[in-house]
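User: I am new to reading structures, and I would like to learn how to look at pockets, cores and strands. Could you take me through them one at a time?

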Amino acid sequence: MDYNNISNTVTSMSLSSQSQERPIALGKTPLEWVELLKSNKAVKAKCALNYFDGQQEEELIKVLNDVNKGRKKWQERGIIPRFRNVTRSIVEKSGMLFKDAVPVLEVFRKDQQTPDEAQTSWLNEEFANMEWQEFFINFDAVVRLLKTGVLLVQHDPVTQQLVFDILHRANCSVVMNPQTKAIDGMIYQTSDDGEMACYRVITSETFIDLCSEKNQISITGVFPNPYDIVPAVPFYDTTSPRSGFWVEASHDLVGLNELVNLHLTDSEYA
């Protein structure tokens with residue numbers, strides 16, 4: 001990796017057309033990294049999350065406007081969108097995390113049969129500060145809905161606390177080592193206000209921050225990776241895939257919710 005060129009690019013805070021074609025990590029250019037997040041599978045995952053999060057009306061309007069399965073001139077005809085959050089109801093009833101008891105977290109040192117009390121106390125204190133039970137309940141729902149979730153673990157040097165992030169097919173893409181099946185690199189979206197979207201690329205060596213605005217991608221920061229690994233762990237709702245990284249969700253639940261919403265809308269209009 002040409003760190004001198006990257007540093008010069010960061011100083012200018014923008015990329016010329018030539019530098020946008022320059023690889024920044026794992027042989028991929030900034031544009032190629034960002035394009036990884038724009039697959040059709042990512043769009044479907046985002047749609048499923050919208051249904052789960054209660055954005056039913058927004059998704060139903062998209063269906064009503066669809067030329068194939070929508071309703072012609074539905075607004076002029078006085079059709080009013082009606083919907084139910086079937087997706088959340090089914091996902092929340094399909095599994096109950098911590099239904100019996102909260103897991104016991106203990107740290108064991110090598111060749112020791114009993115937990116290390118000091119390290120165990122520190123770990124539980126760190127987890128208590130970040131309300132980890134609520135976090136993992138939310139994470140569990142994402143894993144059951146999309147079949148694959150990614151836990152990103154980092155440490156905030158300011159607050160001196162662990163930081164967890166929920167990543168998934170809609171906001172994250174992974175470059176996997178085909179031999180070891182380890183994560184060589186990843187990109188995830190950090191923000192999107194409608195006009196500018198920002199991302200972070202992580203490899204075992206580097207963090208690279210990108211921003212995209214008006215079809216122009218800029219490198220806004222380059223930092224050494226303090227962990228020497230990509231600090232992300234995949235979780236699966238089923239067995240891990242034989243090949244690739246993601247378990248492909250069927251999205252049957254989204255289709256069911258769509259049918260229910262259309263039925264409610266058509267029934268009231270009729």
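User: Which element gives the largest share of the lining of the largest pocket?

Analyst: Please keep in mind that this is a predicted model. To read a pocket, one asks which elements its lining comes from, and here the largest share, 6 residues, comes from α3. Both α3 and β4 (183–192) give two or more residues to that lining.

User: How much space lies in the largest pocket, and which residues are closest to its centre?

Analyst: The space in the largest pocket comes to about 450 Å³. Its lining is made of 19 residues, and L37, K46, A170, N171 and Q189 are the closest to the centre. Sorted by character, the lining has 9 nonpolar, 6 polar and 4 charged residues.

User: How do the residues that line the second largest pocket divide?

Analyst: The same kind of sorting gives 6 nonpolar, 3 polar and 7 charged residues for the second largest pocket, whose volume is about 340 Å³. Among its 16 lining residues, K44, C47, E59, V254 and E258 lie nearest the centre. At least two lining residues come from each of α3, α4 and α8, with α3 supplying the largest share, 7 residues.

User: Turning to the core, which residues of the largest nonpolar core touch the most other members?

Analyst: A core is read through its contacts. The largest nonpolar core holds 19 residues, and the ones touching the most other members are L49, V91, L145 and L146. Each of α3 (40–52), α4 (56–65), α7 (132–146) and α8 (252–269) supplies at least two residues of this core, and the largest share, 5 residues, comes from α3.

User: What does L49 touch, if residues up to four places away in sequence are not counted?

Analyst: With those left out, L49 touches V142, L145, L146, H168 and A170. A170 has already appeared in our conversation, as one of the residues closest to the centre of the largest pocket.

User: Finally, how should I read the strands, and is β3 mostly covered or mostly uncovered?

Analyst: As a general idea, the side chains of a regular strand alternate between the two faces of the sheet. Strand β3, residues 172–176, is mostly covered, with 4 of its 5 residues buried, where buried means under 20% relative accessible area. Strands β3 and β4 run antiparallel and are joined by 5 bridges, and M176 has I183 in β4 as its bridge partner. Between the two strands of this hairpin there are 6 residues, and K181 takes a positive phi near 60°.

Conventions:
Residues numbered from 1 in each chain as written. Predicted model: local features only at pLDDT ≥ 70, side-chain atom pairs only at ≥ 80, totals over all residues. Heavy atoms only, no water. Core = buried A, V, L, I, M, F, W, Y, C linked by side-chain atoms within 4.5 Å. Buried < 20%, exposed > 50% of the residue type's maximum accessible area, 1.4 Å probe, protein only. Contact = heavy atoms within 4.5 Å. 1 Å grid on protein atoms, 1.4 Å probe; cavity = no way out; pocket = protein on both sides within 12 Å on 5 of 7 lines; lining within 4 Å. Points joined across faces, edges and corners; volume = space filled by probe spheres on them. Nonpolar A, V, L, I, M, F, W, Y, C, P; charged D, E, K, R; others polar. Pairing = 2+ DSSP bridges.
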